[in-house]
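Student: I have a model open and want to know how its labels are earned. Can we go through them one by one?
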Amino acid sequence: MVDFQGAKLSLGHVVQLWVKAFRQSLLLLVQKSSQPKVPNPTPAVLAKSSADVKESSPPPKKIVDINQPQTCKNNGCGKVFKEIENHESACSYHPGPAVFHDRVRGWKCCDIYVKEFDEFMTIPPCKKGWHNADPVP
Ligand SMILES: [Zn+2]
Ligand SMILES: [Zn+2]
């Protein structure tokens, strides 16, 4: 009787252990299969979307910071400047107008005319003034 009960108990115990082990292995399988799927795609998607936002946000900039580099539109200048560094003699330029004839090009403002375009580009600016980033109307 004692042996039989012991055998019965131990058999039930073994079955219980087996069921536990089976459940644990199932849980492990679920965790293993679900773990890589959830954390990986989410950061990638977030990083992509935030990058897209960063790329698409800069173009519409109308408010100009005084520390914002701007390109001077004055003839013969074309330098990049910051408004905070701009002053009445910061810019060397030709007030113009530029003159283009058949074989001659130059500046009416300083009355210098040359034949080659390269020469024209190197004519020293004749006037100093403020850098101007706004397109000439
Ligand atoms: Zn000039
Ligand atoms: Zn300038």
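Student: Where is Asp111 placed?
Tutor: Asp111 lies in the loop between S5 and S6. The model is predicted.

Student: Why is Asp111 called exposed?
Tutor: A residue is exposed if 12 or fewer other C-beta atoms lie within 10 Å of its own. Asp111 has 9 C-beta neighbours inside 10 Å, so Asp111 counts as exposed.

Student: What is the phi of Asp111?
Tutor: Positive, about 60 degrees, although Asp111 is not a glycine.

Student: What makes S4 and S5 a pair?
Tutor: Two strands pair if there are at least two bridges between them. S4 and S5 (residues 105–107) have 3 bridges, in the antiparallel sense, so the cut-off is met. Ala98 stands opposite Trp107 in S5.

Student: Why are S4 and S6 called edge strands?
Tutor: The open sheet has 3 strands in the order S4-S5-S6, with antiparallel pairing. S4 (98–100) and S6 (112–114) each pair on one side only. Neighbouring strands of this sheet are turned by 15 degrees against each other on average, direction ignored.

Student: How do you know that the bond from Gly96 to Pro97 is cis?
Tutor: Its omega is near 5 degrees. Pro97 sits in the loop between S3 (91–93) and S4.

Student: What share of the protein chain is buried?
Tutor: The cut-off is 20 or more other C-beta atoms within 10 Å. Buried residues are 7% of the 137 residues.

Student: How many helices and strands does the protein chain have?
Tutor: There are 3 helices and 7 strands. Along the sequence the pattern is α-α-β-β-β-β-β-β-α-β.

Technical notes:
Residues numbered from 1 in each chain as written. Chains lettered and ligands numbered in written order. Predicted model: local features only at pLDDT ≥ 70, side-chain atom pairs only at ≥ 80, totals over all residues. Helix = DSSP H or I, 4+ residues; strand = E, 2+ residues; numbered from the N terminus. Axes fitted to C-alpha atoms, helices over the stretch in contact; angles between N-to-C directions.
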